[in-house]
Amino acid sequence: MSYIQRYFIIFLCLVLTLISTSAFALDIKYVRFGNHPDKVRMVLDLSEVTDFRAFILSSPTRMVIDMPTFSWQAGQVQKPKSSMVSDIRQGKLMDGISRIVFDLNQLVKIDSAFLLPKQGGKENRLVIDYSLATPNQFNQNKGSIHGTLKVDDYKKVPISTQQNNIPTPPKNNLRPNSNKIVKKKPLIIIDPGHGGIDPGTIGKNNIYEKDIVLSLAKELKRQLISSGSYRVLLTREKDLFIRLKNRVQFARKHQGDLFISLHVDSNKKSSTHGASIYTLSKKASDAQTAKLAEKENQADLIAGVDFHVEDKQVAFILSDFLMNDTMNQSKYFANILAGKIKAHGIYTLQNPHRYAGFAVLKAPDIPSVLIEAGFISNKKEARLLNSASHKKKMAKSIHMGINTYFKNIYKNEQN
Ligand code: ZN
């Protein structure tokens, strides 16, 4: 083969690559709703004919459309009142698949969903006809899939909607796949706060936060492992200093399904006591919580890390579509936890679930909570937190919360 022939073949390959990549770039160009006597017709103009799947989810009511990775060119969509759509969000569901979520303010059912290829000056269109449903019809139809897109075997990226509702279930390998069951246990990342040169808060009788939370983490791990239902990793197994950022990176590297950071608190007022649970938000729920987050976030300063520089990168992550959804799942888990901790007879602060900008909760794709198991500045609680029996009880309540969380997530799973 001559040089000229060889270059020509390379050139040809390049051209073909360019053609094929552009051919598979899917754009959502326009979304509109049409009101008909018996239905709403939603039409999505697409740059390509594509596979899709559409279905309805409950709690809250949503219509979901999955398609191969697309680029959203539709901008802000007009949502007439008759569309029953209150909000539209879209983003990446997994590698290769994007999702559009339509929040609905009525119970609806999908009557039909189909693709119309380009014709007579009209774009390729995905058409979804839907209509009001009675609660019975809704329950019968929700979850049934329209379309043929196969979304198996992917890395989960949870997508959900408004806070405190059961989120759209994350996908995982627990679901029976026809007759073969691919079973992968959820991975729980437990993060004992502080460690090494950072003792955390120091309580009555000179007890250190870093020691209490490490033994609590080990007890929780023991319980979760012996249940046989989970895989567990600790961000530290020893008295080691680990940067906040690295704790988050650890969870992401191992693709954790849930991240639980364990801490204990202290207060000038020695009578203050009770457990509390925290999830991430840009704005703290109260001044006390804002201060707590500030204190916990200072862990890195102790090792001389310039936290503010890193916080800029974190702000970018926070703006991500996925971050909001993960935050909602975290809140959902935190509320379950608060109930379980109380149910186990453990005293909690008033409004035990609070929000603030904790740096360690910033994994954009892993639901994360931070538990302050109590106050070691309170004599009685310090003694409790230092006792094996109380740690067992606390770990048990967290364990039960994890069980409920995953049970609900899988119950709501869709194909
Ligand atoms: Zn702490």
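Two strands pair if DSSP finds at least two bridges between them, and the strands themselves (E, at least two residues), like the helices (H or I, at least four residues), are DSSP runs numbered from the N terminus. In this sense leucine 187 stands opposite arginine 231 in β12.

The structure is a predicted model, in which local features need pLDDT of at least 70 and side-chain atom pairs count only at pLDDT 80 or more, while totals for chains, interfaces and linings use all residues. Residues are numbered from 1 along each chain as its sequence is written, and side-chain values use heavy atoms, with hydrogens and water left out.

**Exercise 1. Describe the sheet that contains β11, and then follow the neighbours of β11.**

Step 1. Begin with the order of the strands: this open sheet has six of them, arranged as β12-β11-β13-β16-β14-β15, and the pairing is mixed. At its edges stand β12 (231-234) and β15 (348-356), each of which pairs on one side only. On average, neighbouring strands of this sheet are turned by 20 degrees against each other, direction ignored, where axes are lines fitted to C-alpha atoms (for helices over the stretch in contact) and angles run from 0 to 180 degrees between N-to-C directions.

Step 2. Turn to the pairing of β11 with β12, which is parallel and extends over four bridges. Between these two strands the chain passes through α3, and this β-α-β crossover is right-handed; that term means that, with the strands pointing away from the viewer, the path from the first strand over the helix to the second runs clockwise.

Step 3. Now take β13 (residues 258-265), with which β11 pairs in the parallel sense over five bridges. Within β13, leucine 258 is the bridge partner of isoleucine 188, and leucine 262 stands opposite proline 192.

**Exercise 2. Decide how well β11 is covered, and place isoleucine 188 in its surroundings.**

Step 1. Fix the terms: buried means under 20% relative accessible area, exposed means over 50%, and partly exposed lies in between (1.4 Å probe, protein chains only). By this rule six of the six residues of β11 are buried.

Step 2. Recall that in a regular strand the side chains alternate between the two faces of the sheet. In β11, Leu187, Ile189 and Asp191 are buried on one side, and Ile188, Ile190 and Pro192 are buried on the other.

Step 3. A nonpolar core is a set of buried Ala, Val, Leu, Ile, Met, Phe, Trp, Tyr and Cys residues joined through side-chain atoms within 4.5 Å. The largest such core has 39 residues, and Ile188 and Ile190 are among those that touch the most other members. A second, separate core has 32 residues, including Leu26, Leu44, Phe70 and Leu126.

Step 4. Contact means heavy atoms within 4.5 Å. Leaving aside neighbours within four places in sequence, isoleucine 188 is in contact with residues including Leu224, Val232, Ile260 and Phe406.

**Exercise 3. Identify the residues that coordinate the zinc ion, and locate two of them in the chain.**

Step 1. Donors are N, O and S atoms within 2.8 Å of the metal (3.2 Å for Na, K and Ca), and water is not among the atoms, so sites may look incomplete. The zinc ion is coordinated by His194 (NE2), Glu209 (OE), His263 (ND1) and, listed twice, Glu296 (OE), at 2.0 to 2.4 Å.

Step 2. Along the chain, these donors follow the spacing H-x14-E-x53-H-x32-E. Histidine 194 lies in the loop between β11 (187-192) and α3 (209-227), whereas glutamate 209, 15 residues apart from it, is in helix α3. Both histidine 194 and glutamate 209 are buried.

**Exercise 4. Compare the settings of arginine 247 and proline 68.**

Step 1. Arginine 247 is found in helix α4, the helix of residues 244-253 that lies across β11, β12 and β13 and runs at about 165 degrees to β11. With a relative accessible area of 2%, arginine 247 is buried. Beyond four places in sequence, the contacts of arginine 247 include Asp191, His194 and Phe259.

Step 2. Proline 68 lies in strand β4 (residues 62-68). Because its relative accessibility is 25%, proline 68 counts as partly exposed. Not counting residues up to four places away in sequence, proline 68 touches, among others, Leu26, Thr50 and Leu149.
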